[in-house]
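Colleague: Could you take me through one part of this model up close? I'd be glad of a friendly tour.

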Amino acid sequence: MRITGGKLKGRIIKCPDGVIRPAMDRMRESVFAILGDLSGKSWLDLFSGSGTIAIEAVSRGASQVELCEKDRIKVGTVLENVKVTEKECGVKIQCHFMPVEYFIKRCKSQFDYIFFDPPFPYKFHEQLILEADKKSILKQDGTIMVHRPEEHFMPDQIGNLTRFDQRVYGRSIVDFYGYR
């Protein structure tokens with residue numbers, strides 16, 4: 001995998017052992033182009049895998065970045081990828097190694113952007129977004145993005161969040177939700 005834009009454009013990210021479904025370069029590049037400049041913004045990468053999405057956010061200017069991944073097999077690779085990024089960009093990426101569901105319940109921070117990228121068989125997308133809404137971890141003008149397979153239905157409204165955009169990448173879809 002490689003970083004598609006920003007300060008680290010072209011940098012190769014190591015893939016961890018275990019099951020991983022890396023976000024396609026084309027999808028990542030498109031999502032970040034839609035969002036534009038992330039300077040000074042906060043970012044939360046859930047179901048982080050290798051940490052690529054969090055690193056891409058740092059590369060594009062995000063200044064407060066956190067990630068969450070529960071698979072212990074991936075810890076060493078994630079930490080290695082993050083360490084190199086921190087050295088090159090001077091931005092610390094806070095890493096949480098626990099189930100995303102548990103992290104959301106404990107989270108006390110708010111973020112401009114939250115990216116959910118669960119494994120495709122995962123069935124609790126709507127419940128997680130609802131919990132994030134209840135916990136107010138998304139800033140009022142923030143955006144939640146959900147990467148999912150096309151066969152998994154997502155409603156237009158989840159709690160106080162409304163889907164305001166949707167992009168299709170092959171059999172993958174990214175839904176954009178916010179307080180609109």
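Which exposed residues does the face of H1 turned away from its buried side carry?

Modeller: Happy to help! This is a predicted model, so to speak of local features we need pLDDT of at least 70, and side-chain atom pairs count only at pLDDT 80 or more, while totals for chains, interfaces and linings use all residues. Residues are numbered from 1 along each chain as its sequence is written, and side-chain values use heavy atoms, with hydrogens and water left out.

The face you ask about carries Arg26 and Ala33, both exposed (over 50% relative accessible area; buried is under 20% and partly exposed in between, with a 1.4 Å probe and protein chains only). Helix H1 itself covers residues 25-35, and its buried residues are Met27, Arg28, Val31, Phe32 and Leu35. Because these buried residues fall within an arc of 120° when seen down the axis of H1, they line one face of the helix; the arc is that of the directions from the helix axis to the C-beta atoms. Helices are DSSP runs of H or I with at least four residues, strands are runs of E with at least two, and both are numbered from the N terminus.

What covers that buried side? The cover includes helix H2 and the strands S1, S4 (111-116), S5, S7 (161-169) and S8 (172-178), where contact means heavy atoms within 4.5 Å. After H1 comes Gly36, with a positive phi near 80°.

Between S1 (42-46) and H2 (52-59), two of the covering elements, a loop holds Phe47. Phe47 has a positive phi of about 60° although it is not a glycine, and it is buried at 15% relative accessible area.
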